[in-house]
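This report takes up a strand and its partners, then a loop residue, and finally the contact between two chains. The structure comes first.

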Amino acid sequence: MNILNALFSGNVLALTGAALAVILAGVGSAKGVGLVGETAAGLVSEEPESFGKVLLLQALPGTQGIYGLLTAFVILNKIGIVGGTAVELTTQQGFLFLMASLPIAIVGYLSAIAQARAAAAGIGIVAKRPEELAKAITFAAMVETYAVLALLASILMVFGIKV
Amino acid sequence: MAIVKMDKISLIALQKDRNEIIDSLMKMGVVQIEDIDADNSENGLSGLIAKSGDEEKVIELDTQIEKVKATIDYLSAFNTKKKGFFESKRVVEKNELNEIIKNKSDLWDIIENIDSLNEQLSLLRSDENRLSNLIASLEPWENLSIPLEVSSTKYTLVSHGVVPVTVDAEALKSELAELAPQSYIEKVNRDKDQSYISVIYHISCGDVVTEILKKYGFSKVSFTGLTGTPAANIADAKRQIAEIKEKRKNIQKKIKEFADSRDKLEVFHDYLEIQRDKVKVLSNMAKTDKTFILEGWLPSEKSSEVKSMISQNWECVLQIRPSEEGEDHPILLRNNSLVRPFEVITEMYSLPNPREIDPNAVMAPFYFVFFGMMVSDAGYGLVLALITGIMLKKFKLQGMAQKMISMLFFGGISTFIWGALFGGWFGNVVEAVTSGKFTIPPIWFNPLDDPIRLLIWSFIFGALHIFAGMGIKAYMLIKDGHVLDALFDIIPWYFVITGLGMLVVGGIIGSIGKYMAIIGAVVLVLTQGRAEKNIIKRLFKGILSLYGVTGYLSDILSYSRLLALGLSTGVVATVINTMGTLFGFNIGGIILFIIVFIIGTVFNIAINALGAYVHTSRLQYVEFFGKFYEGGGKGYEPFKIKTKYTNINIIDGRQSK
């Protein structure tokens, strides 16, 4: 019973939320950046001068990881683990933080990969028409919108939780 | 906002004047020569004219250019004179050009020379490879004292070969000694994979020896064409390699002597390119026996200049007239220096078509504001503006790069302003360093304290942006005479959206908003079906049009990214500062802080500037341009002198008298 109590203590739950935000969004970004990188390397082996352009595309799915870290940081800040005195949370508060982290954790993970696909396809555009880079970026950015919205939802939730 | 007005030029002149006229047009560099559709010409000459142009000549010149360029690239590998990345092009004087053209056979000699020297070099390289391989294959046998050409004597046979290193060599030796006493085996060498052995045996026991060797996995190595001991061969190969190196040095020295010709070759290359462009443009023209015909576009303001230059100098029929409605003339944008950098965003989307207006002047201020809001850190803004400012000052950037960097410069300024408003100076660095004793208060408010407030402002900015886009649409409709469309399709939406916004505020404003929204909605219901004759269909279509409100709402919600990205910069900056101050304020801690701060700040600026660029562009492309913009215009590319290395401005062309 003690273990259960400890497991469902508010702080553990809040940290779980923070961890999930970093882990899932981070893994998504890592997979995404890697995926675009592979495609980009293919193009750069043929046209080394396009490096700068494809690097831009490769960086795009990387933002979800940052959003995850950001959400985690806001949570840690709120519960006083970073910068301030640690607060003892109730189980309910802990669950609130855990829920608040879910949008960016889940949407971050999936959108990073989906965005990477769009960006990788965008490298095809750059290969054939280097001047159309902006359109390739826009296609990938369309996906990012949902990561931004999820980040916004997560942050607003965290800000809204009373400690 | 301005799309420069274009005039259409049609010229019929004599063949004998053709080169002079083309030279002069090239020198002026304002006319874009269009491809004449010989069968469908405006001049009504179909059937009488033929396409001009000389494909073979273009190909020949292209090959020559390729050759010269290869030589230049080759010489620059020898790196006699390093050129700066952004160095401006060298100006070529007329004398120099003439001198070079006069002595072009010398230049071709140089090119041939370098070419053949280069060939020698590659031959030497392959020789060297061959020798290195030989040495590598002989090295394990270096201890063998039998000359390699000896494979048999009168009564004995000699056999060299390898066995896998796993084979027990002692067992092999003893088995040979037992079953074929008239044999001698020597282990010459071994490495991690195999043992190198040499066997000499009497002819009579050949079969037995072969059998035993086979059993032990012996595979024969033959040295065809080699004489003498391996050691002698290796020494010989090494000597040859040394010779090759010496030869190579000599050849390289010879090539280096040509390095001075690089400047001349560059001029020659550019000269050939100009010639090529001149021949190439001919293929856009048409000709008859005695005349040639040219059509094209030029900015209206240059018309009189071109007209007087051509008509005063040559006999010709020349017509220059303003572009007509519906004609797709090339697009040249002209904006003031504040707006010009932002043209790059529109250019990357699509140039406006001739029937539209240039959106840049409306777009630029929004881009400026949104970019700054998304990064929103005064310190970062200063850094960004400083770096891009120095780049602009120091390097003579041109074209796209110049616009892009200037745009980032303005973005930096905007970032600085928003950062100061929100109280972000490298995140919270002052607070972090002074352990909370000092903070720089925001001029307006800190979004971290009250994100909802900024969210609402983001929506307001978004609504204004969208309204501006709709306003341009209305303007274009009115300009084209569709006043009713503007009145019914756009104005009611202003009421509905503003009204709904006010409704959220509540109170008296809320009730005013309610009535505004209702009025707008009623007008929409009554007017949106006006194309339909049937009254029920008309009403149905009107009601259906209200569904469009979801589109506008989702557009406006999309501006929440202004808040999200702005917050993310601030929070990541705070993370960096917190990490940096983890180890307190001793010497180690301060050094750590400086390292973390610099790396983190550079990273954060880069990733946020990229994010701001991407998302601001998206807001322009999807939310703003989506309201009115068609695009699809083709850029204005006048026929002019285009050079790669140098600046040749001397062409024999006439001026207007």
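At 19% relative accessibility, T291(B) counts as buried, because the cut-off for that class is under 20%. The model is a predicted one, and the value for T291(B) should be read as computed from that model.

**The strand that holds T291(B)**

T291(B) belongs to strand β10 of chain B, which covers residues 291–299. Its side chain makes a polar contact with the side chain of T288(B), at 2.6 Å. Leaving aside residues up to four places away in sequence, T291(B) touches I12(B), A13(B), L14(B) and Q15(B).

The burial of T291(B) fits the picture for the strand: nine of the nine residues of β10(B) are buried, so the strand is largely enclosed by the rest of the structure. Both faces are covered, with T291(B), I293(B), E295(B), W297(B) and P299(B) buried on one side, and F292(B), L294(B), G296(B) and L298(B) buried on the other.

Which strands of chain B pair with β10(B), and over how many bridges? The table lists β1(B), β2(B) and β9(B), each with one residue pair given as an example.

| Partner of β10(B) | Residues | Bridges | Sense | One residue pair |
|---|---|---|---|---|
| β1(B) | 6–14 | nine | antiparallel | D7(B) with L298(B) |
| β2(B) | 32–34 | three | antiparallel | I33(B) with G296(B) |
| β9(B) | 286–287 | two | antiparallel | A286(B) opposite I293(B) |

The pairing with β9(B) has a further feature, in that β9(B) and β10(B) form a hairpin with three residues between them. Among the residues in the table, L298(B) and G296(B) lie on one side of β10(B), while I293(B) lies on the other side together with T291(B).

**A loop residue of chain A**

L60(A) lies in the loop between α3 (51–59) and α4 (63–78) of chain A. Is L60(A) buried or exposed? At 5% relative accessibility, L60(A) counts as buried. Not counting residues up to four places away in sequence, L60(A) touches Q115(A), I137(A), A140(A) and E144(A), and also V614(B) of the other chain. L60(A) and E144(A) are 84 residues apart in sequence, yet their C-alpha atoms are 8.2 Å apart in space.

**The contact between chain B and chain A**

The contact of L60(A) with V614(B) leads on to the interface as a whole, to which chain B gives 28 residues and chain A gives 25 residues. The area buried between chain B and chain A is about 2,300 Å², and carbon and sulfur atoms give 84% of that area. Across this interface the rule finds zero salt bridges, whereas four residue pairs are found in polar contact, both residues of each pair being at pLDDT 80 or more.

On the side of chain B that touches chain A, the elements that give two or more residues are α10 (343–349), α15 (451–479), α21 (560–580) and α22 (587–628) of chain B. Of these, α21(B) gives the most, with twelve residues. By class, this side of chain B has 21 nonpolar, five polar and two charged residues.

How values were computed:
Residues numbered from 1 in each chain as written. Chains lettered and ligands numbered in written order. Predicted model: local features only at pLDDT ≥ 70, side-chain atom pairs only at ≥ 80, totals over all residues. Heavy atoms only, no water. Helix = DSSP H or I, 4+ residues; strand = E, 2+ residues; numbered from the N terminus. Buried < 20%, exposed > 50% of the residue type's maximum accessible area, 1.4 Å probe, protein only. Contact = heavy atoms within 4.5 Å. Polar contact = N/O pair within 3.5 Å; in protein donor to acceptor, adjacent residues only side chain to side chain. Pairing = 2+ DSSP bridges. Buried area = accessible area lost by both parts, 1.4 Å probe. Salt bridge = Lys/Arg side-chain N within 4 Å of Asp/Glu carboxyl O. Nonpolar A, V, L, I, M, F, W, Y, C, P; charged D, E, K, R; others polar.
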